Amino acid sequence: MPSTTRHDPAPSPSLSAVGRALPPHYASQEQLIAALRDLWATKHFNLERLEDLHRNVQVGGRHLALPLEEYPALATFQQRNDAWIRVATELSEKVAREALSRAGLTPKDVDHVFFVTVTGIATPSVDARLVNRMGLRDDVKRTPIFGLGCVAGAAGLARASDYLRAFPKQTALLIATELCSLTLQREDLSIPNIIASGLFGDGAACVVLRGAEAKATGPRVVGSRSVFYPDTERVMGWDVVDTGFKVVLSAKVPQLVKEHIRGNVDGFLAEHGLTRKDVRHWVAHTGGPKVLEGFESALELEAGALERSWKSLKQVGNLSSASVLFVLGETLEEADAKQGDWGVVMAMGPGFCAEMVLVRW
């Protein structure tokens with residue numbers, strides 16, 4: 001039976017710091033539309049439709065793994081993935097060092113690295129490539145996670161927190177690095193690919209999590225819940241084709257949000273003796289305008305509750321797994337949270353599924 005009395009959380013892992021990093025190459029949405037217009041005009045695509053779809057996602061511009069003029073030379077999956085390995089490793093190191101510095105820690109303090117991505121593949125994985133570059137200990141544990149997509153930022157927080165409950169003296173890093181621009185399928189003129197080409201951007205985020213006995217500052221992770229929606233495997237994901245990752249993106253995503261997220265959140269909060277009125281801070285993945293509108297309407301949120309998510313979407317686009325961590329970082333820095341405040345981190349992604357994390361300051 002769910003608890004009906006609000007209670008203080010048991011000793012739980014803390015979110016000590018969040019680092020965020022974007023590649024240095026930036027293009028406005030108008031620049032990107034122009035580049036894609038030149039590409040797809042030769043294929044007799046409806047260019048007015050391209051511009052409408054890009055403007056409808058309300059993204060002002062995006063940071064790119066490479067200078068815009070270098071993308072036409074990436075003709076094969078291998079070329080794109082090689083670029084992904086190089087840039088993802090560099091960006092992951094940068095963001096991990098920033099997060100550790102914010103937490104007042106060094107690479108030698110790290111006991112476990114969780115690395116999530118869905119935009120490239122590497123063996124050894126990127127977390128392994130960081131060991132020598134950063135001077136991590138040779139007994140550091142590593143858990144690379146591929147395939148969770150947009151939900152992986154919230155899911156990674158949950159899995160890292162689960163680990164730290166078993167090892168309360170330890171410190172973990174969650175690194176989410178996504179280079180969505182390197183997955184673009186230039187031969188795919190489908191509506192999902194056109195939308196993806198206007199929505200997704202590149203970036204990385206890193207969260208430092210510390211076990212309950214590490215005596216760290218920051219909000220505590222009180223609990224988490226995963227929800228899988230049966231028979232929705234074709235709602236979002238990749239088809240792996242000869243040229244790389246071909247996007248699967250159904251128009252049903254906003255409807256699934258509206259149909260399920262209210263019941264999911266209410267049930268999750270009830271387990272902790274809470275209701276939506278008790279939550280002061282909402283940290284939502286920037287899935288797109290219709291997804292954010294779905295969160296707002298289904299959860300009956302007050303105006304401005306998802307302001308940081310909307311701002312992140314406009315400024316940098318949907319960064320897949322890193323997006324919710326960008327919003328989390330801005331929340332920790334800007335929200336003026338008070339001791340005792342409750343917050344919910346939530347994201348949805350391939351499966352189709354949702355992940356919710358309950359935090360308390």
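What is the volume of the largest pocket? In this predicted model, the largest pocket has a volume of about 750 Å³. Let's start there and then walk outwards to a few residues and helices.

**The pocket and its lining**

The lining of the largest pocket is made up of 39 residues, and those nearest its centre are Cys180, Ser181, Thr183, Leu184 and Ser197. Helix 1, strand 3, helix 6, strand 9 (236-241) and strand 10 are the elements that each give two or more residues to this lining. By chemical class, the lining residues of the largest pocket are 23 nonpolar, ten polar and six charged. Both domain 1 (14-210) and domain 2 (220-360) take part, with at least three lining residues drawn from each.

**Helix 6, a helix of the lining**

Helix 6 spans residues 191-199, and its buried residues are Asn193, Ile194, Ala196, Ser197, Gly198 and Leu199. Ser197 is thus a buried residue of helix 6 and also one of the residues nearest the centre of the largest pocket. What do the buried residues of helix 6 pack against? Their partners are three helices, namely helix 1 (29-41), helix 2 (47-56) and helix 9 (307-316), together with strand 3 (61-64) and strand 10 (244-249).

**Two residues on partner helices**

Helix 1 holds Arg37, while Ser312 sits in helix 9. Here is how the two compare in accessibility:

| Residue | Relative accessible area | Class |
|---|---|---|
| Arg37 | 27% | partly exposed |
| Ser312 | 2% | buried |

Why is Ser312 classed as buried? Ser312 counts as buried because its relative accessible area is 2%, and the cut-off for that class is under 20%. Once residues up to four places away in sequence are set aside, Ser312 touches Thr286, Gly317, Phe326 and Val327.

Arg37, with its relative accessible area of 27%, is partly exposed. Beyond its neighbours within four places in sequence, Arg37 is in contact with Leu47, Leu50 and Glu51. Leu47 lies ten residues from Arg37 along the chain, and the C-alpha atoms of the two are separated by 6.4 Å.

**The annotated C-terminal region**

For residues 225-360, UniProt lists "domain: Chalcone/stilbene synthase C-terminal", in an unreviewed entry. In the model, the span 225-360 is 37% helix and 28% strand, and its end C-alpha atoms lie 15 Å apart.

Methods. Residues numbered from 1 in each chain as written. Predicted model: local features only at pLDDT ≥ 70, side-chain atom pairs only at ≥ 80, totals over all residues. Heavy atoms only, no water. Buried < 20%, exposed > 50% of the residue type's maximum accessible area, 1.4 Å probe, protein only. Helix = DSSP H or I, 4+ residues; strand = E, 2+ residues; numbered from the N terminus. Contact = heavy atoms within 4.5 Å. UniProt positions renumbered as here; feature names shortened; annotations may be inferred. 1 Å grid on protein atoms, 1.4 Å probe; cavity = no way out; pocket = protein on both sides within 12 Å on 5 of 7 lines; lining within 4 Å. Points joined across faces, edges and corners; volume = space filled by probe spheres on them. Nonpolar A, V, L, I, M, F, W, Y, C, P; charged D, E, K, R; others polar. Domains from an automatic or database assignment.
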